[in-house]
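Grab a pencil and try these short exercises. Have a go at each one before you read its solution.

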Amino acid sequence: MLPIDPSKRNSFERHICEGDLVIVYERHDNMKAIKLQKDSVFQNRFGVFKHSDWIGKPFGSKVLSNKGGFVYLLAPTPELWTLVLSHRTQILYLPDISFVLSYLEIVPGCLVLESGTGSGSLTTSLARAVAPSGHVYTFDFHEQRANLAREDFKRNGLSSLITVTVRDIQGEGFPEEFCGSADSVFLDLPQPWLAMPSAGRMLKQDGVLCSFSPCIEQVQHSCEALKSNFTDVRTFEVLLRTYEIKEVRMDGNGGGEGSPVGPFPRKRRQRLSGEGNNGNVEQTTTAVMVRPCSEARGHTGYLTFARLACI
């Protein structure tokens, strides 16, 4: 993934090479991850695009198909990867991910333990946060899911920052080799309270734990389990509301497109009428309209944070 490579992380102007992972952007809700191969083509409703035509272009380029249609070639980032990855499990999205990274106090050089890996959405962002000298050890009890995640991380160039292991953390706990060495622990488990005693042993003094749970009953059990070894226990629910912004044409009465909201004039144009309308002057204005999106992402889960109590 482009920002991870120390030799390239400060510039998105690097030219695309064969074998690179490229995010093909058609529109904001339609993107695909493509690995560039010289003799391959990418085909969509806009036409056929030859991979060979993409080689040598800088990321962010607009490229044309055989029919004159176009797409944009974007550099892969954890944010874009979250939008294009294969969903093998429920994933964390950007609002929750950014909140987790902030409250876990993850910085370059940190050692982070995660269970379970799932589709790898959060893991990818964790890897960028700890780069270049930190490491993420992620565990999943499902072998096939772990193998697919490992392939994704290799494809994204993150193998040096992420180690994937098949292990039932609820039943076995974290490996004792990490005892007292983890800066942060993240749990996404059906019964996270079973893994919390082990997580407490893994954390450094003053280390931070986060547990993601979709149900409030899971949160209650988790908070009870955290009482013995943790302090500063907090639970959050992150809800995001986005707005549509567009320019509309308003008529002379201040109405437009069925909206009762009055205009915010930006441009004004006068049109002189011809015969038959008594020479009236009709004015039209354009206004910027802002309204909540009709589809809003609701509850995803609860984030419970706790700090290991100092002895």
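**Exercise 1.** Decide whether threonine 123 is buried or exposed in this predicted model.

*Solution.* Step 1: look up the relative accessible area of threonine 123, which is 0%. Step 2: recall that buried means under 20%. Step 3: put the two together, and threonine 123 counts as buried because its value is 0%.

**Exercise 2.** Find where threonine 123 sits and what it is in contact with, leaving aside neighbours within four places in sequence.

*Solution.* Step 1: find helix 4, which runs over residues 121-130 and holds threonine 123. Step 2: list the contacts of threonine 123 beyond those neighbours: Glu114, Thr117, Val136, Thr138, Phe153 and Ile162.

**Exercise 3.** Work out which pocket has the residues of UniProt's "binding site" feature in its lining.

*Solution.* Step 1: take the positions from the unreviewed UniProt entry, namely Ser119, Gly120, Ser121, Leu122, Asp140, Asp168 and Asp188. Step 2: check them against the pockets; the lining of the second largest pocket includes Ser119, Gly120, Ser121, Leu122, Asp140, Asp168 and Asp188.

**Exercise 4.** Place glycine 120 and aspartate 140, and say whether each is buried or exposed.

*Solution.* Step 1: glycine 120 lies in the loop between strand 7 (111-115) and helix 4. Step 2: its relative accessibility is 0%, so glycine 120 is buried. Step 3: aspartate 140 belongs to strand 8, residues 135-140. Step 4: aspartate 140 is buried too, because its relative accessibility is 3%. Step 5: for a bonus, leave aside neighbours within four places in sequence, and you'll find aspartate 140 in contact with residues including Arg145, Thr165 and Arg167.

Notes: Residues are numbered from 1 along each chain as its sequence is written. This is a predicted model: local features need pLDDT of at least 70, side-chain atom pairs count only at pLDDT 80 or more; totals for chains, interfaces and linings use all residues. Side-chain values use heavy atoms; hydrogens and water are left out. Helices (H or I, at least four residues) and strands (E, at least two) are DSSP runs, numbered from the N terminus. Buried means under 20% relative accessible area, exposed over 50%, partly exposed in between (1.4 Å probe, protein chains only). Contact means heavy atoms within 4.5 Å. UniProt positions are given in the numbering used here, feature names are shortened, and annotations may be inferred rather than shown by experiment. On a 1 Å grid over the protein atoms alone, a cavity is a set of points where a 1.4 Å probe fits but cannot get out, and a pocket is an open set with protein on both sides within 12 Å along at least five of seven lines; lining residues have an atom within 4 Å of a point.
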